[in-house]
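Student: I would like to learn how to read a structure like this one, feature by feature. Could you take me through it?

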Amino acid sequence: MPKTLLVFPPGWSPVGPYLALPVLKSYLQEVEQYKVDIVDLNVEFYDDLLSFRHVEECCKRYRESKDSFSSNVQLTIELIQKSALNVDEAKDIFRSKRYFNLKERQYAENIFRNALYIINHVSYGVKYTFNSIDLPYDYYSTPEIMKSLADTLHNPFISFYETAFLKRIQREKIEFIGISVSGCFQLISAVTLAKLIKEECPSVKHVSLGGNYITRLADDCMKEWHPFFEYIDSIMMYDGEEPLARLLEALDSGDDNLDCVPNLCHAKGGKIYKNHRIEQTFINDTVPDFDGFALSKYFMPELILPVYSSRQCFNHCAF
């Protein structure tokens, strides 16, 4: 079976783990007996973004900028920078019982506000919040997204992936990468990762996108050839447990014909094909497996694991 790694990319809130990949991991390992690893790169990204090392670097770039201010404004900016450099303490507060002390929580929140102010000021149009990472590109325009993929100045995900994550793929000789895209702010980071993998990780034979947002995108917009398929091999639509298992089986057998894999959107001969859809025949049969996520890095004083109590809904949702 291909050595498999499932990835949750940056562009989501870092306050707690997202459920999709732990559900897939538990099903594939317990039901299908396939070894699968998962990683939450979103929380890893925020942990690095809001680190003393990065904030100190941003403060230095801020001071070196040519902006000139009045003495009163300059004093305020110096105080903001001094506060922002306590960012590691702010993370410690958010990840401990100190969070429940109102004064300490407000102190930490103020540090985060100041740190993000400095970071955003020197990030060339990229705007960071705890709920989004907004690049100066239109997330709803394919040409804009494709343009962003090689923009090292405005796309912070390029350096983030190249610094550490690509080395892991190369070191572990990963063969299959699945990237879960649940919101629009993850789209550029996901396709950026796919592009870098195709260029720098020869061990990876197949890159597949999946998740809520990418399913709706593929369902509504991908009627013909789409540029994303320059860097990805397939899109897993709707629920992914059984379809992902069938895809891994097909890849393991060396069969390049993916027409038999349900819920799969793939390209062949310059055309887009969407295979037959199946719905899950089970509900909550396995316990989500969070092993692989850095659970100590979420920005909450106590770990809160999500649960799901049903599948699908009366309004005919895709999941």
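Student: Does Leu-305 count as buried, partly exposed or exposed, and at what relative accessibility?

Tutor: Good place to start, and keep in mind that this is a predicted model. Buried means under 20% relative accessible area and exposed means over 50%, with partly exposed in between. Leu-305 has 40% relative accessibility, so it counts as partly exposed. In the chain, Leu-305 lies in the segment after strand 9 (271-274).

Student: Which residues form a nonpolar patch on the surface with Leu-305?

Tutor: The other members are Leu-295 and Leu-303, and together the three leucines have about 230 Å² of accessible area.

Student: Let's turn to the strands. How many residues of strand 1 are buried?

Tutor: Five of the five residues in strand 1 (residues 4-8) are buried, so the strand is largely enclosed by the rest of the structure. You can check this face by face: Thr-4, Leu-6 and Phe-8 are buried on one side, and Leu-5 and Val-7 are buried on the other.

Student: Which strands pair with strand 1, and in what sense?

Tutor: Strand 2 (residues 36-40) pairs with strand 1 in the parallel sense over five bridges. Leu-6 is a handy marker here, since it stands opposite Ile-38 in strand 2. Between these two strands the chain passes through helix 1 (residues 20-30), and this β-α-β crossover is right-handed. Strand 5 also runs parallel to strand 1, joined to it by four bridges. There, Val-7 stands opposite Ile-179 of strand 5.

Student: And what is the bridge partner of Ile-179 in strand 6?

Tutor: That partner is Leu-209. Strand 5 (residues 176-180) and strand 6 pair in the parallel sense, over five bridges. The chain gets from strand 5 to strand 6 through helix 9 (residues 187-200), in a right-handed β-α-β crossover.

Student: Where does the chain cross after strand 6?

Tutor: From strand 6 the chain goes through helix 10 (residues 212-221) to strand 7, and this β-α-β crossover is right-handed. Strand 7 (residues 234-236) pairs with strand 6 in the parallel sense over three bridges. In that pairing, Gly-210 has Met-236 of strand 7 as its bridge partner.

Student: Are the faces of strand 6 covered or uncovered?

Tutor: Both faces are covered: His-206, Ser-208 and Gly-210 are buried on one side, Val-207 and Leu-209 on the other. Five of the five residues of strand 6 (residues 206-210) are buried, so this strand is largely enclosed by the rest of the structure.

Student: Now the aromatic rings. How many aromatic pairs does a search of the whole structure find?

Tutor: The search finds 19 aromatic pairs. As a general idea, a pair of aromatic rings is described by the distance of the centres and the angle of the planes. Take Phe-45 and Phe-157: their ring centres are 5.4 Å apart and their planes stand at 50°, so this pair is tilted. The pair links distant parts of the chain, with Phe-45 in helix 2 (residues 41-49) and Phe-157 in helix 8 (residues 156-172), 112 residues apart. Phe-45 is buried, at a relative accessible area of 5%, and Phe-157 is buried at 0% relative accessibility.

Student: Why is the pair of Phe-94 and Tyr-99 edge-to-face?

Tutor: The planes of Phe-94 and Tyr-99 are at 80°, with centres 5.1 Å apart, so the pair is edge-to-face. Phe-94 is buried with a relative accessible area of 10%, and Tyr-99 is buried with 18%. Ring pairs also link residues into a cluster, among them Phe-45, Phe-94, Tyr-99, Phe-157 and Phe-299.

Student: One more on the backbone. Which residue other than glycine has a positive phi near 65°?

Tutor: The general background is that most residues other than glycine have a negative phi. Tyr-238 has a positive phi near 65°. Tyr-238 sits in the loop between strand 7 and helix 11 (241-252) and is buried, with a relative accessible area of 13%. Lys-173 also has a positive phi, of about 55°, although it is not a glycine. Lys-173 lies in the loop between helix 8 and strand 5 and counts as exposed, at 56% relative accessibility.

Technical notes
Residues numbered from 1 in each chain as written. Predicted model: local features only at pLDDT ≥ 70, side-chain atom pairs only at ≥ 80, totals over all residues. Heavy atoms only, no water. Buried < 20%, exposed > 50% of the residue type's maximum accessible area, 1.4 Å probe, protein only. Pairing = 2+ DSSP bridges. Right-handed = clockwise from strand over helix to strand, strands pointing away. Patch = residues over 30% accessible without salt bridge, like charges linked within 9 Å, V, L, I, M, F, W, Y side chains within 5 Å. Areas by Shrake-Rupley, 256 points an atom, 1.4 Å probe, with all protein chains shown as cover. Salt bridge = Lys/Arg side-chain N within 4 Å of Asp/Glu carboxyl O. Phe/Tyr/Trp six-rings, centres within 6.5 Å; stacked < 30°, edge-to-face > 60°.
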